Every structure is written in C-alpha cells, then in structure tokens.
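Dear colleague,

I am handing over the structure we spoke about, and below it I have set out what was found in it. Please read the notes with the coordinates open beside them.

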Amino acid sequence: MADTRAPLRETRNTRAEILAVASELFIDKGYDATSLREIAERLGITKAALYYHFRSKDDILLALLEPIGSIVTELVERLETAGDVQGWADTLSWLIDSMGANVAFFRLLERNRHSAQAVHDTLHETHDHLQMHERVQSAVHNAAAGLGEEIRMFAALGAVTAFDDWAPKLLTETPPEVLQHELRAVVRAILGV
C-alpha cells in the first residue's frame, strides 16, 4: 500500500540564512555598502520577513560579532583557572585554535572594522570591558611565580589577542595550520615552556 501522506516540508532557518548572506555581502561589499534590501533579495524574502528576525542592519552585524564575545568570555574563564605558565600556554593554544576556526569572522572584522567598532561601542558598556581586564590581571597575578613570569604571560596574551589588529591580512590569508603552528611557537618562546 502506497504512503499517501504529504511529504514533510523542510524547515527553513531564515535567521541563520540571513546571517550567512549578510556575512558574505559584508565581507565582499562592506557593511556600509550593503543594504537590507540586497540581503532580502538574495534570500528571496521580503524586507518585512527580514525585519521579523532583525530590527536593523546593526542588529545583523551584532549577531555576526556575537561569537567572538563567547570566545572572549571562555578565554577569561580559562585564564582564571590556569594555575601556572603551562596552563596559560594551554589556554593560548586553545585561543589560537579558536582563531583558526573563526577565520570568516576575522575576514568580516577586517573588512568592516570601523563599522563593527561603532556598533559595538554604542551597545556595550565600558564597565564590562574594564571588569574583564581586572579579571585577567588577577588571573595572571595568581598564576605567575613572579614578576618576570607575569610580564611574559601578558606579552604572550598580547601576541595572540592583538594579532588581528596588527596583521589582519596575515590572519585571514595564511593557511590556518601554518598560522596556528607559528603562533604556538611564539607563545612557547615568550613563556619559556
């Protein structure tokens, strides 16, 4: 006997599709040059459907930037539990892997750094940023065996976390496995492990 039930309709994850298309357009054309109309047209949806998921283009950009917030939160938590320089090196190695897994994010950031900073600044409090710095300073102080180690730990953290600021093209254009290998070597050299 044949099955006469109608086939199940695939559920569309419109929010995820909007983010994927917006990321592609923001990387290709830039945030400022991309309109909500273009995003909606590319997806074959109306602007009203897009507004159902995101109130504005800024909200889309914030959603695309959100994963880095999770990484930063986990980084601070890992640093707080790193009991020594080796734990610090392990945490920075995890961060290097996270950078490699999020190259598309860094491409988006490189292409739209000014817009991303402007959107971020208008919606986030300086207090949270200062609190994060205090937590990291405390973590370093608690894990370091002395002043020299403290300095090396901060230098290693800076070498990894500032890499996208100083070398965004190198970050986005270098094969991830090469970049990860080299950054780990730098971290080990700085920390002396």
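**What was found**

Valine 160 is placed in helix α9, and at 1% relative accessibility this residue counts as buried. Please keep in mind throughout that this is a predicted model. Leaving aside neighbours within four places in sequence, valine 160 is in contact with Leu95, Ile96, Met99 and Val187. For the last of these partners, valine 187, the C-alpha atom is separated by 7.9 Å from that of valine 160, although the two residues are 27 apart along the chain.

To place that residue in the whole, the secondary structure of the chain comes to 12 helices and 0 strands. Buried residues make up 40% of the 193 residues in the chain. Among contacts between residues at least 6 apart in sequence, 70% join residues at least 24 apart.

Which residues touch the most other members of the largest nonpolar core? They are Phe26, Ile39, Ile60 and Trp88, in a core that holds 53 residues. At least two residues of this core are supplied by each of α1 (14-28), α2 (36-43), α4 (57-81), α5 (85-101), α6 (103-111), α8 (126-143), α9 (147-161) and α12 (176-191), and the largest share, 9 residues, comes from α4. Isoleucine 39, if residues up to four places away in sequence are not counted, touches Ile18, Val21, Ala22, Leu25, Phe26, Thr34, Leu50 and Ile60.

Several of those partners belong to α1, where the buried residues are Thr14, Ile18, Leu19, Val21, Ala22, Ser23, Leu25 and Phe26. These buried residues pack against α2, α3 (47-53), α4 and α6. As a check on the geometry of α1, its 15 residues should span 21 Å at 1.5 Å a residue, and its end C-alpha atoms are indeed 21 Å apart, which agrees. After α1 comes glycine 30, whose phi is positive, near 100 degrees.

How do α1 and α4 lie relative to each other, and what is the angle at which they pack? Their axes are 10 Å apart and the angle is about 90 degrees; angles of 65 to 115 degrees count as roughly perpendicular, and α1 and α4 are therefore roughly perpendicular to each other. On the α1 side the contact is made by Arg15, Ile18, Leu19, Ala22, Ser23 and Phe26, and on the α4 side by Lys57, Ile60, Leu61, Ala63 and Leu64.

Serine 23, which has its place in helix α1, deserves a separate word. With a relative accessible area of 15%, serine 23 is buried, since buried means under 20%. Not counting residues up to four places away in sequence, serine 23 touches Leu64 and Leu108.

At the other end of the chain, α12 can be examined in the same manner. Its 16 residues should span 22 Å at 1.5 Å a residue, and its end C-alpha atoms are 22 Å apart, which agrees. The buried residues of α12 are Leu179, Gln180, Leu183, Arg184, Val187 and Leu191. Seen down the axis of α12, these buried residues fall within an arc of 130 degrees, so they line one face of the helix. An α-helix has 3.6 residues a turn, so residues three or four places apart point the same way. What covers the buried residues of α12 includes α5, α9, α10 (163-166) and α11 (168-173). Just after α12, glycine 192 takes a positive phi of about 70 degrees.

Two further residues are worth locating in the viewer. Lysine 169 lies in helix α11 and, leaving aside its neighbours within four places in sequence, is in contact with Glu110 and Thr174. Lysine 169 and arginine 111 are 58 residues apart in sequence, while their C-alpha atoms are 9.9 Å apart in space. Is aspartate 90, by contrast with a buried residue, buried or partly exposed? Aspartate 90, in helix α5, is partly exposed, with a relative accessible area of 45%. The C-alpha atoms of aspartate 90 and leucine 79, which are 11 residues apart along the chain, are separated by 9.4 Å.

With best regards

Definitions and conventions. Residues are numbered from 1 along each chain as its sequence is written. This is a predicted model: local features need pLDDT of at least 70, side-chain atom pairs count only at pLDDT 80 or more; totals for chains, interfaces and linings use all residues. Side-chain values use heavy atoms; hydrogens and water are left out. A nonpolar core is a set of buried Ala, Val, Leu, Ile, Met, Phe, Trp, Tyr and Cys residues joined through side-chain atoms within 4.5 Å. Buried means under 20% relative accessible area, exposed over 50%, partly exposed in between (1.4 Å probe, protein chains only). Helices (H or I, at least four residues) and strands (E, at least two) are DSSP runs, numbered from the N terminus. Contact means heavy atoms within 4.5 Å. The expected span of a helix is 1.5 Å times one less than its number of residues. The arc is that of the directions from the helix axis to the C-beta atoms. Axes are lines fitted to C-alpha atoms, for helices over the stretch in contact, and angles run from 0 to 180 degrees between N-to-C directions. Angles under 35 degrees count as roughly parallel, over 145 as roughly antiparallel, 65 to 115 as roughly perpendicular and the rest as oblique.
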